[in-house]
Amino acid sequence: MLNTICARIWRGILIMERGREELRGYEQINEKIKRGDAIVMTAEEFIELVEQSGLEKAAKEVDIVTTGTFGAMCSSGAFMNFGHSEPPIKMIRCWLNDVPAYKGLAAVDAYLGAAAMSETRPFEYGGGHVIEDLVSGKEIELRAESYGTDCYPRRSLETTIVLEDLNQAYLYNPRNAYQRYNSATNSSDRILYTYMGTLLPRYGNITFSGSGQLSPLYKDLGLETIGFGTRIFLGGGVGYVVGEGTQHKPQSGFATLAVKGDLKGMSPEYLKGAVFQNYGTTLYVGIGIPIPLINMRVASTAALKDEDIPVDILDYSIPSRDRPIVKKSNYAELKSGRVLIGDKEVPSSPLSSVKVARKIAEVLKKQIENKEFFLQRPIELLPSYREFKPLKIKKREVTVRDLMMPLQELILASPEDEVKKVARLIVEKNIDHIPIISEDGVLIGIVTTWDLTKALAEDKHKLKEIMTRTVITAKEDERVDEVAKRMAQYHISGLPVVDDVMHVKGLITSDDISRKLVGRRAA
């Protein structure tokens, strides 16, 4: 027994040591590129070679594996310098095609975020579209305002610009190219509009992002070759990794990149403005990273296939940052177009383009083979661990419990109650909503003053003839803003407040919310 354990430990040590052994260095690879004899394969080609020849032989044969991804990357944008007008202006607000740019910078510097939306065409056009239009050579309307100073006397300007008019214009994206992604579905009975696209009710569809086995960061799972200074394919031009991206969490497979590149060398083929219906605008960004096979560990992750890359399918109907996992899946299953949830076959569709990702990997491969692209050893590798901190809400939020009408002030009725009797009670108590409960005290319906007015006109007698049986409800601990949104969504003015077994605990109305919240703020 002890000998067996020792043997396993020793084999593990040998595997680790072999993984650390250098197969080739950056200088050696770049020399081979100069000579034109570097062996370059796309990630998908390398996977096929490993299946045919085995990992060890493939790793010794191939120098570089190219990768690609093309998807919505909301944490993207561009820094620009407009140059000085005559007379000059210190811009405190500016707009590009009516899309506001951030102006908390020097006089004529600005940052245009991809997710910023047009003030005249929101949900149709945004910062991502401006960036695409600039790279396409289109003319952009620039508008700016100022308060005027002695050295910057101009107070406003309106003009047009094209990309070549700008002194500097570079893409700077704080978070791109997640190592892997969660996917999304929807168990509720309504359509959801999210950054994961439109989610149909009752598990009507699944959406997913990322390129799977082409994913740049998954091909170097241990982050041994990617870091500050890594040269990459970015938006059709050359870019660089400038550090870890925001929300970088590599220990869970969610590493991210911050990247930078000159917009003047990029192509609209790989930078596309886009809209997610009823959610907002974004920018599709094309990124490709060459992975040098410096050791067996890197080679082994470069050989990972779609079925090896896990994806959690989350229920986006739960309004929480910790959404429940509906199913543990992988890219192979998701890319098949059908996923089994329970006994239901659910269609799955990508939000990223695998076709364009594949093209990026091919283009990068050709650039290296044609001696147009050389590897850059990173100055500093990305961190392999980062604590991911949630935002703590330190002020107490107003909940339904704070504003609702308590149970003792309500009128509860049964389905058999007379319409005229309940109408008299509504007038006496000056209330508009009557929850209907069963003999066991369970909420089974609701009537309103409008229901009763109509019932009296139509000579109805019992509440069971007129009550609404599908009742939209609230819970005591819910935030008031969520409940107000629900009222607006269903075009109703009041919700019974219930516990987990549908016993009525109170009632909250739009009047309660507006009157009490306005009163609190005034106080």
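In this predicted model, strand β24, which spans residues 338–341, has side chains that alternate between two faces: Val-339 and Ile-341 point to one face and are buried, while Arg-338 and Leu-340 point to the other and are not buried. This follows a general pattern, since in a regular strand the side chains alternate between the two faces of the sheet. Strand β24 is joined by 4 bridges to strand β25, residues 344–350, and the two run antiparallel. Within this pairing, Ile-341, one of the buried residues of β24, stands opposite Lys-344 in β25. The hairpin that β24 and β25 make has 2 residues between the strands, and in it Gly-342 takes a positive phi near 65°.

A helix can also have a buried side, and α12, residues 480–490, shows this with its buried residues Val-480, Val-483, Arg-486 and Met-487. These residues lie on the same side of α12 because they cover an arc of only 120° around the axis. The general reason is that an α-helix has 3.6 residues a turn, so residues three or four places apart point the same way. On the face of α12 turned away from this buried side, the exposed residues are Lys-485 and Ala-488. Just after the helix, His-491 takes a positive phi of about 55°.

The surface, too, has nonpolar side chains: Ile-191, Tyr-193 and Leu-200 form a nonpolar patch there, with about 230 Å² of accessible area together. Leu-200 is found in the loop between β13, residues 197–199, and β14, residues 206–208. Leu-200 counts as partly exposed because its relative accessibility is 36%, which lies between the limits of 20% for buried and 50% for exposed.

Conventions:
Residues numbered from 1 in each chain as written. Predicted model: local features only at pLDDT ≥ 70, side-chain atom pairs only at ≥ 80, totals over all residues. Heavy atoms only, no water. Buried < 20%, exposed > 50% of the residue type's maximum accessible area, 1.4 Å probe, protein only. Pairing = 2+ DSSP bridges. Arc of directions from axis to C-beta. Patch = residues over 30% accessible without salt bridge, like charges linked within 9 Å, V, L, I, M, F, W, Y side chains within 5 Å. Areas by Shrake-Rupley, 256 points an atom, 1.4 Å probe, with all protein chains shown as cover. Salt bridge = Lys/Arg side-chain N within 4 Å of Asp/Glu carboxyl O.
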